[in-house]
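Please look at the sequence and the model below. The report after it describes how some of their parts are arranged.

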Amino acid sequence: MKKLINDPADVVDDALRGMAAAHPELRIDAEHRVVFRGDAPVAGKVGLVSGGGSGHEPLHGGFVGLGMLDAACAGEVFTSPVPDQMVAATQGVDAGAGVLHIVKNYTGDVMNFEMAAELVAAESGTEVVAVVTDDDVAVQDSLYTAGRRGVGVTVLVEKLAGAAAEEGRPLAEVAEVARRVNGQGRSMGMALTSCTVPSAGKPTFDLPAGEMELGVGIHGEPGRRRVPVAPAREVAEMLLEPVLADLDFTGGDGVLAFVNGMGGTPLLELYVVYAEVQAVLAKAGVTVARSLVGSYMTSLEMAGCSVTLLKVDDELIRLWDAPVRTPALRWGV
Amino acid sequence: MAALDTDALGTWVREYARAVTEHREELTELDSAIGDADHGTNMHRGMTAAVAALDATPPADAAALLKTVAMTMISKVGGTSGPLYGTFFLRMSGALDDGSPAAFAAAFRAGVDGVVARGKAELEDKTMVDALLPAADALTAAVEAGQELDAALRAAADAAATGRDSVTPLVARKGRASYLGERSAGHVDPGAASAVLLVEAAATTLPGS
C-alpha cells in the first residue's frame, strides 16, 4: 500500500487537522470529529447536519459553510460516525429553529443517527428531523436488502436543502425540499479499480485488468455485474439505462445532470463521460437544465464515476443557483 | 454474591477482547469478502477501549461493568457493530438481576432481543442474529433443564457456531452484504462470526455454578 499518510490509525484526525489549518472560516471540534460552520449556530436558521464514514471527501466536511451544511461528522474510514459526534453536532448548530439530519441509507449510518436523535430528544428540546437518501438504482431488490444506498443525490440534497435553510424557511419545509430531491433523483456508478482502506492495507476487492464493476457502491461494495471495460460512450449508456428506466426524466423543466468522480479518475475523463451523458440524454428527450462535473463523493482512490439525474423545477433551479461558500462548492458569493 | 459477580463478567469481557484481537484479521477478511473490510478493526478498537475503560474506572457492580462496555462500544465503534453490540451489553446490563445462571440466561436473552429490535433482522437474514438467537435458546433450555452454567454456555456456544454455519450458504438480506445478492452466498457472515466468539468467550471463562 502506497499512501500519503503518517499512520493508518491517524488518517481521519490528521486530515481534520489539515482542514482546520486550510479553512480558518470553519471551526473543527477535533475531540468529536465535527466540522462546524465558523458562525454556527446561525440565528433563526434551521441547522443542517450530515456525516458518514471518511474516505468520501469532499463529502461531507467539504460541504460545510454558507448555503449548505452547518456541521458534518467524520467517522473512521468507511465507518459511520458514532452518536456522541452527532449529538455534539446537533447541539452545536441548533439556533432554536430545529435541526435536519441528512443520512445516507447504510445500516450503520441510519442506526447511529437514530440513536443520536433519541439521545438529543432525551437531553434537550431540540427538534430533529431525519431525511435518508437512497438513490442508487444499482440495488434492484430493495425488499430483500438493506434498501437502495444513498449516493450522489446526497450532495444535491445538501446543496438544495442548505439553500432553503439559508432563506430562513422552517424545518418542515427544509425537510420537504430534502425529501423531494431524494425522491426525484437517481444514480448509478461504476468502478475501474478497487480502493484500499488504510487500516486494511490492501485493495477491498479484486477487479481483473480488463473488467469493470457496474453498479458499484461508494465503499467498494459490488454492484450489478462485472463487464469488460468499454469506451466512455458505452459506459454512459450502461449507467443511464437503469436510471432512465427507473424514473421518467423527460418533460418538465429538465434535469440536473451530475457526473461524479470516484476519487481516482481525472477530470479530463469525467468530461469525456459528461459529453456522452449529455448525448444519451438528448437522444432520450431529456433536457439538461444544470450540470455538475467533478469528484464530490469519492471512494478513496477508486477509479470510476457515477451519474446522478435530478428532476428539477423553477424552485430547485433557484435553490441550486443560490450562493454557496464551502471548501468544495462555491459560487455566487 | 453468587457465581456471576463483577470479576467473572470482567473476565468474560476481557476474554472477548482478547479473542476479537486474535481474530481481528480473520474478521476483516470475512468482511472484505461481503462487506466493507472493517469488522475486525472496529471490534478490536471497541473492545480494547472497553477494557481500557474498565481498567480506568473499576465498575461498582456487574450491571455497571456491562454498561461501561455498552457505552464504550456505542461511542467508539460506529458502523453497525457499535450500536448492535452496544445495545446487547446495555440491555443485558439493565436486565441483570442477580448472579444466578437463570438470571444470566435471562439477561443474555434481553441483550439478544435488543439486537433484534435495533437491527430489525430476522433469522436467516444472515447476520449476528443467526448466531445469537440459537445461543439464547440453547442457554435458556439448558439452564431450565438444570445444567451447570458452564455446560449450558458450552451448548450455547455450539448452537451459535451451528447458527453461523447454517447461514453461510444463504443470501444476505440485511447490512452491506445484502447488496451482493447471490454473490453473498457461500461466505461466512462476519457479524455471526464475532458473535460466536462472544458466546465462546463466555463458555471458556464463566464458572460452572
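The text below covers two domains, a helix pair, a sheet and a chain contact.

This is a predicted model, in which local features need pLDDT of at least 70 and side-chain atom pairs count only at pLDDT 80 or more, while totals for chains, interfaces and linings use all residues. Residues are numbered from 1 along each chain as its sequence is written, and chains are lettered from A and ligands numbered from 1 in the order in which they are written.

**Domains of chain A**

Chain A is divided into domain 1 (10-184) and domain 2 (186-311), with bounds that come from an automatic or database domain assignment. Their centres, taken over C-alpha atoms, are separated by 23 Å. In the contact between them, 21 residues belong to domain 1 of chain A and 28 residues to domain 2 of chain A; two residues are in contact if their C-beta atoms, placed from the backbone, lie within 7 Å. Helix α4 (residues 153-166) of chain A gives the most to the domain 1 side, with four residues. Helices (H or I, at least four residues) and strands (E, at least two) are DSSP runs, numbered from the N terminus.

**A helix pair**

α4(A) also packs against helix α5 (residues 171-183) of chain A, at an angle of about 155° and with the axes 9 Å apart. Axes are lines fitted to C-alpha atoms, for helices over the stretch in contact, and angles run from 0 to 180 degrees between N-to-C directions. The two helices are therefore roughly antiparallel (an angle over 145 degrees). Among the contact residues are Leu156(A) and Leu160(A) of α4(A), and Val174(A) and Val177(A) of α5(A).

The table gives the residue classes of three contacts. Ala, Val, Leu, Ile, Met, Phe, Trp, Tyr, Cys and Pro count as nonpolar, Asp, Glu, Lys and Arg as charged, and the others, Gly among them, as polar.

| Contact | Nonpolar | Polar | Charged |
|---|---|---|---|
| Domain 1 side of chain A, touching domain 2 of chain A | 12 residues | five residues | four residues |
| α4(A) with α5(A) | 11 residues | one residue | one residue |
| Chain B side, touching chain A | six residues | 12 residues | eight residues |

**The sheet**

An open sheet of six strands in chain A has the order β9-β8-β7-β12-β10-β11, with mixed pairing; strands pair if DSSP finds at least two bridges between them. β9 (225-228) and β11 (288-294) of chain A stand at the edges with a single partner strand each, so one side of each has no neighbour in the sheet. Strands β10 (residues 255-261) and β12 (residues 304-311) of chain A run antiparallel and are joined by seven bridges. Val259(A) has Val307(A) as its bridge partner in β12(A).

**Chain contact**

The contact between the chains takes 28 residues from chain A and 26 residues from chain B. On the chain B side, α4(B) gives the most, with three residues.

Note on methods:
Angles under 35 degrees count as roughly parallel, over 145 as roughly antiparallel, 65 to 115 as roughly perpendicular and the rest as oblique.
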